[in-house]
Each structure stands twice: as structure tokens, then as C-alpha cells.
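This report describes selected features of a single protein chain, beginning with a helix and ending with the chain as a whole. The sequence and the structure are shown first.

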Amino acid sequence: MQSLWKKAVFCALILTSCLPVSAMNTTGKQPQEGPQNPVPFAAAVKKDGKWGVINDRAEVVIPMQYDKAAITLAPDNLQTRELSAASPSRWNLIEVQQGKKRGFYSREGQVIVPVSYTSRSAWIEDTVVVQTASNRNALYDIKGTELAPAEYSYISPASDGMAAMKKDGKYGFLSISGNTILPQYEEVQSFADGLAPVKEHGKWGVIDKAGRTVVPSIYQETGPAYAEGLLAVKKDNRWGFIDKSGKEIIAPTYKKVQLAFQNGMAAVQDNQNLWGFVDSKGVQVIAPQYKAVYTPFSEGLAGVSTVDGKGYIHPDGRLAFMADYAQLFPFHDGIAEYRTGKITPSGYYASPSVSIGIGIGIGHGHHRHYPYDPFDWWPGIGIGWPYYPWGIYEPQLSVEMHRGYIDNTGRVIVSAANDHVFPMTETGSLVLNDNRFGYVNRKGEIIAHLVYRELIPDQTAGLLLAKNEDKKWGALSLTDGTEIIPFQYSKLSATHYPSIVYKQNGRYGLMTNKGLHLTAAVYDSIADSDSGLFPAEKDGQWLYLSTSGKEVIHLPDSITDARPFVQNAAAVKENGKWGLINHSGQWIASPEFDDIQILPSHGE
């Protein structure tokens with residue numbers, strides 16, 4: 001079951017062709033019109049054991065001297081996470097590695113970050129923090145400007161145009177625009193709305209980007225940053241909120257608080273350890289009455305713990321419905337995730353981590369504001385206030401997770417009693433139980449019963465590619481589950497276009513998403529491509545098929561492998577070496593390389 005599960009996850013999430021195509025690397029992403037800010041063509045090429053980069057004129061723009069070259073050299077499991085949030089400018093960068101050190105070039109060959117660091121942060125606000133082998137940190141912008149030399153023991157990723165730094169045991173800030181607030185603080189938090197909490201002489205206050213004191217240092221602690229114009233503060237062992245001028249909008253009278261306002265409300269705890277809610281004007285809109293609060297208000301509902309169990313409440317405090325599950329999550333588009341499983345306490349939830357920041361609470365009585373370590377390739381930063389865990393000094397839970405979904409009436413859409421429920425998409429959720437797959441839409445309607453050996457949602461074609469008990473493949477409508485393609489194929493694979501690669505009698509062909517054959521099953525292999533040209537092999541000869549199934553490019557018999565077109569070029573192999581061709585089949589770069597990887601120009 002484990003291998004089947006992994007196969008389903010892979011195919012369902014990236015919707016890639018699962019065909020055995022020689023040396024083919026398909027992305028499985030949805031087709032795009034192209035980036036709003038196109039970047040120059042670049043291909044990483046390998047020769048004599050070393051990598052470099054060439055442009056579309058076969059000119060070497062990055063020297064052939066590196067062990068690796070790619071858009072990102074982060075570990076595989078972090079690459080999607082890093083690039084999914086990348087700015088258009090980030091796609092113009094190429095990361096290289098030489099020995100244990102790495103660096104960045106632009107696609108034109110400009111050195112952006114010298115090959116000098118052993119680890120780095122993600123690119124945040126078009127800046128990156130790099131750490132050298134001597135554990136010194138530097139800051140660079142995306143144009144190649146060194147904003148801070150490698151002389152700091154710590155630099156945070158930028159937040160609101162400011163990066164916290166540490167030198168000689170004190171904290172200060174570096175501005176992306178070049179301004180520096182000298183290291184003078186014992187601890188710091190993140191900038192937001194032009195302000196940041198800082199600690200000096202054992203107390204917390206607030207400064208602006210010029211380093212001027214806006215709120216004097218009179219508080220025991222603060223929240224991680226301003227949110228919705230308010231900052232949580234602690235004075236005389238009680239919590240409240242101040243505005244940007246330092247005025248106490250909510251007097252420090254609460255035992256604990258949610259450390260960041262969300263959707264105009266924050267949870268607060270009274271002396272009887274009961275939780276309620278206040279609004280941004282300081283009005284107590286829900287009197288303290290709950291044992292715990294598990295989610296912020298989202299779509300008019302918040303998850304809480306009542307005397308009768310867990311459930312969701314309305315903004316006026318009325319109980320909407322019970323939801324007595326191990327974990328509750330906020331609502332999105334009318335649906336909320338819930339989880340069941342074995343729960344064991346393992347510490348305390350952090351306070352809401354700052355969107356891109358440095359102060360992370362560790363729990364009541366242990367709330368600290370030391371910056372986190374942003375290195376080891378991915379800094380562990382959250383982009384936006386995290387929805388979950390949303391603990392307010394509640395016990396942190398270790399859960400043997402079983403995911404399910406409910407709607408905003410509390411009705412179960414997908415039950416967590418299944419062996420595994422895959423993340424909800426815009427059309428529904430894939431479900432695995434007793435080693436068989438099914439599919440449920442967002443209304444809770446069964447689109448495909450739990451009877452299929454494999455099931456692959458194809459959003460582009462609007463289909464569920466399915467393998468039945470007889471090990472035959474067909475396709476169901478992703479909308480209502482009706483059979484669209486009969487179960488008579490030995491394999492079906494999705495493409496970027498509303499077309500399907502099918503396998504019959506040991507050969508491959510191309511069909512429409514309605515099952516109409518565009519080609520006969522005469523090919524040894526067909527691979528996906530987001531360019532509209534599918535590399536295919538027939539009787540040992542390589543060619544390219546159009547989306548209509550027409551053979552539009554025939555390659556010479558000497559070609560032994562072909563890859564998809566990317567930015568009007570494709571890598572092909574001749575006599576054991578790789579080169580690049582254009583849409584006319586002419587050489588752009590002669591076949592002289594041990595390997596070629598055309599670098600994507602955006603999130604394709």
C-alpha cells in the first residue's frame with residue numbers, strides 16, 4: 001500500500017505523465033501564458049564533469065567550473081516551497097556550487113552573490129542572508145549589492161524593508177535602502193507598519209525605521225510585531241494592546257492574550273483562565289467563557305473549547321456547532337480541516353510567529369524574542385500569520401494525523417475515518433481507504449467510490465484518470481463521476497493540455513479529454529510538455545507531436561533522446577552528447593555536452 005500511496009500522491013499533486021520516457025523531466029505544472037517579466041533564456045550544461053550556463057546563442061555566460069548549477073540548490077523537498085513564493089526577479093538568478101560553497105549569478109552572467117557561503121535564507125523582499133563557513137553573516141539584494149558585509153553573528157530575513165542583525169552581543173537593524181540602526185538592543189522583534197519592538201535595560205519599547213523611540217521601554221514583553229495597527233504588550237504581569245502612538249487601546253488587564261489581532265478580533269484570558277474576545281477598539285465582544293481558543297475568526301467562525309467539548313462559535317459568542325475533534329482549523333471558502341488521532345502533550349504552542357520576522361514566542365512564562373536561525377537553506381519563516389497551530393499558550397500536541405473536512409454547518413464533507421485524506425483542492429479531495437482510492441467534491445458528494453487501484457485528478461482536462469480492479473485505465477468526469485473514457489487502456493497519463501496520453505497494446509498514442517484518438521497507438525513513448533509540443537519516439541526515431549496529434553518536427557535518425565521545449569528550445573541527444581534545437585529542428589547549441597537542463601523562466 002505504501003508504494004501505491006506514494007504513486008498516487010506524486011501523480012495527483014503534480015499531474016505529471018507517468019510514462020517511461022528516456023531522460024525526460026516533466027514539471028507537471030499547469031500551462032501558463034508566460035511570465036509578466038520574462039527573463040533571458042538560460043540552460044545549465046555539463047561538460048568534462050563541470051557545469052556552466054549558456055544562453056540561446058550558445059554563449060557561455062557562467063563559466064564551466066561548477067559542481068552544480070540550477071535555479072535553486074535547496075534540497076528537493078524545499079525547492080517548491082522556496083520558488084512558489086519567488087518574485088519575478090528571483091527567476092533571473094542561478095545558484096551555483098563549487099565544493100562546499102555556493103553563490104548566485106544572473107542569467108546574463110553577473111555575479112550577484114560571490115561563491116562564498118555554505119548556507120542561506122530564502123530570498124525575502126528580494127534580499128538574501130548568507131552564512132560563511134566561519135559562521136559570519138552577510139546580506140545581499142537581488143541586484144548584487146552587498147547591503148551588509150560578512151561580519152555579523154546574525155542577520156534576519158528582511159521584514160518591512162528592515163533586517164535585524166546582531167554584532168558584539170547587541171541587536172540592531174539594517175535597512176534595504178541602506179540605513180543602519182546600530183546594534184544597541186538586548187533583543188528585538190520584527191518591523192511591521194514601520195515600527196518594531198525592541199528591548200533595552202530589561203524593558204520593551206517601540207522604535208521607527210530611523211531608530212527614534214516611539215514607545216518608551218516600559219513593558220515586560222510584547223507581541224512579535226504590530227498587526228492591524230495594534231501590538232500586544234505585558235505590564236505588571238498583565239497583557240493588553242497599544243496602538244502605534246503607544247496609547248493603551250486595551251488596558252493590560254488580561255492574564256494572557258492572542259499576540260496578534262486577526263480579522264479585527266483577539267482572544268483574551270481572564271483570571272479564571274477562561275477565554276473571550278475583544279475587538280480593536282477594546283470592546284469585549286465575547287465575555288470570557290471558553291476553556292481554550294483554537295482558531296482565529298475566519299468566515300465568521302472560530303474554534304473554541306466549551307464546557308461540553310470543542311466547537312465553532314459566531315462573532316457574538318453563540319455556538320454554531322460542535323466539532324469535538326483533536327485539532328480544529330480555520331475556514332477557507334466554506335470548508336475547514338479537522339484532524340483526529342492520538343494526542344500527547346509536547347510543550348507549548350508558540351505565539352503567532354511574525355509574518356517574516358525574528359521574534360517567536362515559546363509559551364507562557366517563557367516568551368522570548370530572540371531571532372530564529374534563518375539558515376540550513378530554509379529559514380523556517382512563515383509568510384503571513386499562521387493559521388495553525390494557533391495556540392494561545394495552549395499545550396502543543398503531537399498527533400498521529402488523520403485529516404478530514406467539515407463545512408460551515410459542521411457537516412462532515414470528508415471523514416477522517418479514512419486511512420488517508422489528501423489536501424482539499426478547488427474541486428475536491430482524493431481519499432484512500434483499504435488500499436483503494438476514491439474522490440469527494442467540496443459538497444461532500446462522492447464523485448468516485450473507493451474502488452480504484454489508482455486515481456489521478458487531472459484539473460486541466462476535468463477528469464479523474466482511474467485504474468480499476470481489472471488493472472485497466474479509464475477516466476471519469478471530475479464534476480459528476482460519469483465515465484468519459486472507457487476502461488480499456490493499460491495506462492492513461494495527464495498532460496498540461498486537455499489531452500491524454502494513452503497506452504494500448506504496448507504502444508502510446510494521444511487522445512482528447514473526451515476519449516477521441518488524435519493518433520493511433522504507434523509510439524514507443526510520448527512525454528508531456530507545456531509548450532504544446534510533445535516529444536515522442538516511434539520505431540527508434542524521435543519527433544514532436546502537436547496538441548492535435550500532428551507530427552510537426554521529425555529529428556534525424558542520429559538523435560537518441562529528446563526533451564520538451566522550454567522557451568523555444570529543446571535538449572536533444574546525438575552520439576551520446578546533448579545539444580539544443582529550435583522549433584525548426586536546427587541546432588542552437590551543437591551536441592557537445594554531457595547533460596543539459598534548460599532553466600525555467602517562471603513557476604512552470
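## Helix α2 and its two faces

Turned away from the buried side of α2 is a face that carries the exposed residues N77, T80 and S84. These and all other values below come from a predicted model. Helix α2 spans residues 76-84, and within this helix L78, E82 and L83 are buried. Because the buried residues of α2 fall within an arc of 125° when the helix is seen down its axis, they line one face of the helix. In general, an α-helix has 3.6 residues a turn, so residues three or four places apart point the same way. The packing partner of the buried residues of α2 is β8, a strand covering 119-120.

## A four-stranded sheet

Further along the chain, four strands form an open sheet in the order β32-β33-β36-β37, and their pairing is antiparallel. The edge strands of this sheet, each of which pairs on one side only, are β32 (327-332) and β37 (412-414). On average, and with direction ignored, neighbouring strands of the sheet are turned by 30° against each other. Strand β36, which comprises residues 402-407, runs antiparallel to β37 and is joined to β37 by two bridges. At the level of individual residues, I406 has V412 in β37 as its bridge partner.

## Y508 in strand β48

Is Y508 buried or exposed? Y508 lies in strand β48, which covers residues 507-512, and the residue is buried because its relative accessible area of 4% falls under the 20% that sets the limit for burial. The C-alpha atoms of Y508 and L492 are 9.4 Å apart in space, while the two residues are 16 residues apart in sequence.

## The chain as a whole

The secondary structure of the protein chain consists of two helices and 57 strands. The table collects further values for the chain.

| Property of the protein chain | Value |
|---|---|
| Residues counted as buried | 54% of 604 residues |
| Contacts joining residues at least 24 apart, among those between residues at least 6 apart in sequence | 40% of contacts |
| Accessible surface | about 25000 Å² |
| Part of the accessible surface belonging to carbon and sulfur atoms | 48% of the surface |

Y508, with its relative accessible area of 4%, and the residues L78, E82 and L83 of α2 are thus described as buried in a chain where 54% of the 604 residues count as buried.

Note on methods
Residues are numbered from 1 along each chain as its sequence is written. This is a predicted model: local features need pLDDT of at least 70, side-chain atom pairs count only at pLDDT 80 or more; totals for chains, interfaces and linings use all residues. Side-chain values use heavy atoms; hydrogens and water are left out. Two strands pair if DSSP finds at least two bridges between them. Axes are lines fitted to C-alpha atoms, for helices over the stretch in contact, and angles run from 0 to 180 degrees between N-to-C directions. Buried means under 20% relative accessible area, exposed over 50%, partly exposed in between (1.4 Å probe, protein chains only). Contact means heavy atoms within 4.5 Å. Accessible areas come from the Shrake-Rupley method with a 1.4 Å probe; for residues, only the protein chains shown count as cover. The arc is that of the directions from the helix axis to the C-beta atoms.
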